[in-house]
Amino acid sequence: MIRKITSIAPSIVIVVITMATIISLVRSFPRPLLCSSPKHLLKSRICPLYPPSFFLCLPPSRTNHRPPPLSAAADRRRTSFSTAAMSSVTSNDNPLLKDFQFPPFDSIDASHVRPGMRALLKKLDSDLVELEKNVEPTWPKLAEPLEKMMDRLTVVWGAVNHLKSVKDTAELRSAIEEIQPEKVEFDLKLGQSKPIYNAFKAIRESPGWEGLSDAQKRIVESSIKEAVLSGVSLDDSKREEFNKIQQELTKLSRKFEENVLDATKKFEKLITDKKEIEGLPATALGLAAQTASSKGHENATAENGPWMITLDAPSFMSVMQHAKNRALREEIYRAYVTRASSGELDNTQVIEQILKLRLEKAKLLGYNNYAEVSMATKMATVSKAEELLEKLRSASWNAAVQDMEDLRQFSKSQGAPEADDLTHWDTTFWSERLRESKYEINEEELRPYFSLPKVMDGLFNLVKMLFGIDVEPADGLAPVWNADVRFYRIKDSTGKPISYFYFDPYSRPAEKRGGAWMDEVVARSRVLSDDRTSVRLPIAHMVCNQMPPVGEKPSLMTFREVETVFHEFGHALQHMLTKQDEGLVAGIRGIEWDAVELPSQFMENWCYHRDTLMSIAKHYETGECLPEAIYQKLLAARTFRAGSLSLRQLKFATVDLELHSKYVPGGSESIYDVDRRVSKKTQVILPLPEDRFLCSFSHIFAGGYAAGYYSYKWAEVLSADAFSAFEDAGLNDDKAVRETGHRFRETILALGGGKDPLTVFVEFRGREPSPEPLLRHNGLLQTAA
C-alpha cells in the first residue's frame, strides 16, 4: 500500500516538485516500446512493501520470464479453451490437456505437470516451425497465429504457476523445477525467431503500416523491441551465452522465492505464558491459538493458549504493534529481517549471482547496466527516476526526523525505559500507541466495523456507481483451488457478462505465499473468441493474506487490509473493464510498468470517501455504522508519520536502482554495504548490522520489479491527479461523479496498452499530469507554497 508524503512539522523545509518539473520529466521520457514477446508480457500486479509494518506484499510464484496468460474461457457460449488442435497429444486423464471453460484448478496436481507440459511444448514447437516456414508480413498471417500459439502455453503454464503460489507442495515444486528449463528453452526459441522478427520489421516498413490501428502498431513496435531484448540480434556464440544466462536466472529467481517461503514457514514460537503476549488483541490471540491448534496443540484456546507466533504477516504485525513484551518484539523482529539469510536457505549468494548475471545480460545487449535494460520498456529513464526519488526524499527527511522525536517524547511521557534508545522493534509499537493517543483510534477496536462481507458489498456498490457495472457471485461456475475462494461475474448496465474474477482472501502460511496481488487468468481477445464476431472475456484473480475467520466471527479486517483490497481491485478493474480487443495489449498488458499502478492507487482514495467508508463500516454484530467522530479521526490520521512511511518506500526504490545501476558484483562493496549506504539517507534509524532484508526482497529478485520499484512513487503523481478530477467535479455530486467515472472507465480502464499512458491520461484529464493534487493530499502544498 502506498503511503503519501506529508509534513507534520510546519517549520520543515520542503523541496517543491513543481508542475513544470513533472511535465518536463514526462515530456522527456523516451516513448518505450511495449512488451509483447512471450518472455516480457506484463506479469502479476503486486502491492508495494507495506511501509509502516515491514509487511512484504510478495508476488505469486512465477519466473521472471513467464508471460501473463493470453487465454482461457470466461463465457461458456463464446470463449471455451479448446485443445482440439492438439488431438495428437491429448490425454484422457490429464486436465492440463483437456478442453475447459475455466482452468481446472481443483483437479490439477503435480503428476500432471511433466507429461502435460512436455506434450504441449512438443506441439507448440511444431507449430512454431510451421509458422516460421510460412510466415507472411501481414497482421492476419503473423500476429494472429502467434497470439493463438502463445495462448495454449500461457493458459496451462499460468494455471500451474498459480497453484504453486496458493497451494504449494514439494511435489509441485519438483515438477516445475524439472520442466522449467524446457519451457524457458521454448520461450527463447520463440523470442529469438528471426523469421518472426524480420516479418514484424517488414510490416513496419510496408505500405499497409498506416492502415493498422494504434494498438496494432504498438504491438509491432514492441515485438521488434522485445526481440532485440531477447537476443535476436546477437551472433550465435553470444546468443548461446545469453540463453544460458536466461535459464540460470529463471532457476535463481525460483530458488529465491522458495527460500523466502520456507524460511517464513520455518519459524514458530510457542508461548504458554499469557504474560509474554500481554497487549495482543483478542483477534490476534484467536489467530495464535488457531495456529497452535493446527500444529498439533488441539486444545489451544484464545483465552488459555497455548499460542503460536509465526512470521506470517498477520501474526508478525500483531506482535510488532501490540506486544508489551519488548524482548518478544525484538526476537520476532530479528527473525523477520534475517529470513532466508543463513544455512541452506541463505539467499545471499543467490542475490549475488542474480545481479552478476543480469549485468552480464545487459552487457551482451549493449547496455551499461541492467537498470537501462529495465527502463527500455518503461516511461522513465534511470536518471529521471533517480531525480524524482531524490526530490521526494528531500521533501520527506525532516518530517521523518520529527516523527522519531515525537515518538521519543511520547514514549518518555508514558514512562518507557527505552524512550531514549528507541530502535526498530519499538517504533511500530509506540507509533500505534501515539496514534491511539493522538487520534483516539485503536486499529484493533475498528476491526468489528470492517467485516469482509460488508467491505466487499461496499466496494461493489462503489464500482457500480462509478463505472456502471454489477458484480454478482458466481460460485460453482468455475473450479477453485480452496473452499474459501470466491468466484464473481461482472455485468454491464444491460446485464451482459463482461468479465469474471476469483478472490482468495485468507492467509494460509503452510501453502500460500504472503502478500497481496492481482493477476490475469485470461485476457480479452478478438482473435481467441470462438465465433470471431465477438470477443473472449477476461478473467482475473485477486489474492490477499488477511486474517481468516476465527470461530463464529467473520474475517475482521484492519483499515490497512481494506485499503489493500481496494488497491488490488483497482488492478483487476483495469484488466476486466478493458475494451481493447487486441489480446496482446488488452487490460493491464502492454502498459508501461511505471504507469500501471495508477488504477490501484486511485481506488485507495475511495477508502477515505465518507459515503463509501460509511457503506462498508458497519459493526458485524450490531449493524451500527462507524461513528462520525471516528471517521473524522481516520481522515486526520491519514498523514500520520507520513514522512517516515515515505522514506521507507524511497529506501526500497533507491536500493533497487543502486543495485541494478551502480553495484559491481564481486567488487569491494557488498550488497549489504549498498543497503547501509542507501539507508544513511533514507532511514532515521540505521539497520541492524545483521539486517538481511535484501534476502527477502522478492519484488526485485523474484518478481518483476528489478530496477522498477520506483514505479509506485512514479504512478502516485498520476493517481492523485486522476482522483482530483473527481474532487473537481464534486464528490458529493452523484451525477458529476458518475460522469467522471464513465470518462475514467472509457480511458484509463478501457484502453489498455493500446496507447501510451501519457496520451491516455491526457484523454481522461484534459491535460498533462500535475503534482499539485499529490502535494495537497499529503498536506505539503501549503508548506511548499
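This passage describes the confidence of a predicted model, followed by its strands, its helix packing and some points of backbone geometry.

The protein chain has an average pLDDT of 86, and 87% of the residues score at least 70. Two stretches depart from this picture, since pLDDT stays under 50 over residues 1–45 and again over residues 49–90. The model nevertheless has 188 contacts beyond four places in sequence for residues 1–45, and 206 such contacts for residues 49–90. Where pLDDT is low, the predicted coordinates should not be read in detail.

Strand β8, which spans residues 539–546, is paired with two other strands. With strand β6 (residues 497–506) the pairing is parallel and consists of six bridges, and within it aspartate 504 has valine 543 of β8 as its bridge partner. With strand β7 (residues 517–522) the pairing is antiparallel and extends over five bridges. In that second pairing, aspartate 519 is the bridge partner of histidine 541 in β8, while tryptophan 517 stands opposite valine 543. Valine 543 is thus named both as the partner of aspartate 504 and as the residue opposite tryptophan 517.

The strand β8 is mostly covered, with eight of its eight residues buried. In a regular strand the side chains alternate between the two faces of the sheet. In β8 both of these faces are covered: Ile539, His541, Val543 and Asn545 are buried on one side, and Ala540, Met542, Cys544 and Gln546 are buried on the other. For strand β7, six of the six residues are buried, and β7 is therefore largely enclosed by the rest of the structure.

Two packed helices are described by the angle between their axes and the distance between the axes. For helix α2 (residues 110–134) and helix α3 (residues 139–166), the axes come within 11 Å and cross at roughly 170°, which means that α2 is roughly antiparallel to α3. The residues that α2 brings to this contact include Val113, Met117, Leu120 and Leu121, and those of α3 include Pro145, Leu146, Met149 and Trp157. By class, the contact of α2 with α3 has 14 nonpolar and four charged residues, and no polar ones.

A second pair, helix α16 (residues 452–467) and helix α25 (residues 734–749), packs at an angle of about 85°, with the axes 6 Å apart. The helices α16 and α25 are therefore roughly perpendicular to each other. From α16, the residues Met465, Leu466 and Phe467 take part, and they meet residues of α25 that include Asp734, Val737, Arg738, Gly741, His742 and Phe744. The residues of the contact of α16 with α25 divide into six nonpolar, two polar and three charged.

Several details of the backbone are found in loops. The peptide bond from glycine 305 to proline 306 is cis, with omega near 0°, and proline 306 lies in the loop between α8 (282–294) and β3 (307–310). Alanine 340, although not a glycine, has a positive phi of about 55°, and the place of alanine 340 is in the loop between α10 (326–337) and α11 (348–364). Its relative accessibility is 5%, so alanine 340 counts as buried, given that buried means under 20%. Alanine 707 likewise is not a glycine and has a positive phi of about 55°; this residue is placed in the loop between α23 (698–701) and α24 (711–729). Alanine 707 also counts as buried, because its relative accessibility is 0%.

Definitions and conventions: Residues are numbered from 1 along each chain as its sequence is written. This is a predicted model: local features need pLDDT of at least 70, side-chain atom pairs count only at pLDDT 80 or more; totals for chains, interfaces and linings use all residues. Side-chain values use heavy atoms; hydrogens and water are left out. Axes are lines fitted to C-alpha atoms, for helices over the stretch in contact, and angles run from 0 to 180 degrees between N-to-C directions. Helices (H or I, at least four residues) and strands (E, at least two) are DSSP runs, numbered from the N terminus. Angles under 35 degrees count as roughly parallel, over 145 as roughly antiparallel, 65 to 115 as roughly perpendicular and the rest as oblique. Contact means heavy atoms within 4.5 Å. Ala, Val, Leu, Ile, Met, Phe, Trp, Tyr, Cys and Pro count as nonpolar, Asp, Glu, Lys and Arg as charged, and the others, Gly among them, as polar. Buried means under 20% relative accessible area, exposed over 50%, partly exposed in between (1.4 Å probe, protein chains only). Two strands pair if DSSP finds at least two bridges between them. pLDDT is the predictor's confidence in each residue, from 0 to 100.
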